[in-house]
Amino acid sequence: MTVPQNILSNARKLRAQLTDAEQLLWYILRDRRFCGVKFRRQHPCDNYILDFYSYDAKLAIELDGGGHGGDEQRLHDEERSRALEIAGVKVLRFWNHEVLDSLEDVLERLHAELFPSPGLRPPSPGGRGE
């Protein structure tokens, strides 16, 4: 699928203008530094540009600033997330201040999404995993 030229051009511009939160998270995600998972930044996907995207995990990470707090923008973000999830892409959203102030919590949530723990299984009737 060919990505429209205006989306590619906008993605290039966004890569050169990362927010402080995006810069910090990109430092951790780039070059497979986070658990060996490859991420791309400002990745075009259909008519959207994803802040961070792992093709292998089919996972997008979106960082939102204060402009995303209004009702109209929130509805747009929800619609966008639904469209991406229909396309098979899981979307994790964080506020910029979460990345800057609670980075460890953000990374724990990301790790849990990438490597879900198997649920606790009830003991087998024989008690030996049978």
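A salt bridge here means a side-chain nitrogen of Lys or Arg within 4 Å of a carboxyl oxygen of Asp or Glu. By that rule the structure holds five of them. This is a predicted model, where local features need pLDDT of at least 70, side-chain atom pairs count only at pLDDT 80 or more, and totals for chains, interfaces and linings use all residues. Residues are numbered from 1 along each chain as its sequence is written, and side-chain values use heavy atoms, with hydrogens and water left out.

**View 1. The whole protein has five helices and four strands.**
Helices (H or I, at least four residues) and strands (E, at least two) are DSSP runs, numbered from the N terminus. Reading from that end, the elements go α-α-β-β-β-α-β-α-α. Of the 130 residues, 34% count as buried. Buried means under 20% relative accessible area, exposed means over 50%, and partly exposed is what lies in between (1.4 Å probe, protein chains only).

**View 2. Strand 3 (residues 59-64) is mostly covered.**
Six of its six residues are buried. In a regular strand the side chains alternate between the two faces of the sheet. Here one side carries Leu-59, Ile-61 and Leu-63, the other Ala-60, Glu-62 and Asp-64, and both faces are covered.

**View 3. Strand 3 has strand 2 and strand 4 as partners.**
Two strands pair if DSSP finds at least two bridges between them. Strand 2 (residues 48-54) runs antiparallel to strand 3, with three bridges, and Ser-54 stands opposite Leu-59. Four residues sit between the strands in this hairpin, where Lys-58 takes a positive phi near 50 degrees. With strand 4 (residues 90-95) the pairing is parallel, over six bridges; look for Leu-63 opposite Phe-94.

**View 4. Arg-80 and Glu-62 form a salt bridge.**
Side chains of opposite charge can pair when their charged atoms come close. The closest N and O atoms of Arg-80 and Glu-62 are 2.7 Å apart. Arg-80 lies in helix 3 (residues 71-86) and Glu-62 in strand 3, so the pair ties together parts that are 18 residues apart in sequence. Arg-80 is buried, at 10% relative accessible area, and Glu-62 is buried too, at 3%.

**View 5. Arg-93 has salt bridges with Asp-64 and Asp-77.**
For Asp-64 and Arg-93, the closest N and O atoms are 2.8 Å apart. That pair links strand 3, home of Asp-64, to strand 4, home of Arg-93, across 29 residues. Asp-64 is buried at 6% relative accessible area. Between Arg-93 and Asp-77 the N to O distance is 3.9 Å. Asp-77 belongs to helix 3 and Arg-93 to strand 4, so this contact ties together parts 16 residues apart in sequence. Asp-77 is buried as well, at 7%.

**View 6. Ala-21 and His-97 have C-alpha atoms separated by 7.4 Å.**
Along the chain these two residues are 76 residues apart. Ala-21 is part of helix 2 (residues 20-29). Ala-21 is buried, with just 2% relative accessible area.

**View 7. A patch of positive charge sits on the surface.**
Gathered here are Arg-32, Lys-38, Arg-40 and Lys-58. Patches take residues with over 30% relative accessible area and no salt bridge, joining like charges within 9 Å and nonpolar side chains (Val, Leu, Ile, Met, Phe, Trp, Tyr) within 5 Å. Arg-40 belongs to strand 1 (residues 40-45) and counts as partly exposed, at 34% relative accessibility.

Key
Areas by Shrake-Rupley, 256 points an atom, 1.4 Å probe, with all protein chains shown as cover. Lys, Arg positive; Asp, Glu negative; His and termini not counted. Charge placed at Lys NZ, Arg CZ, Asp CG, Glu CD.
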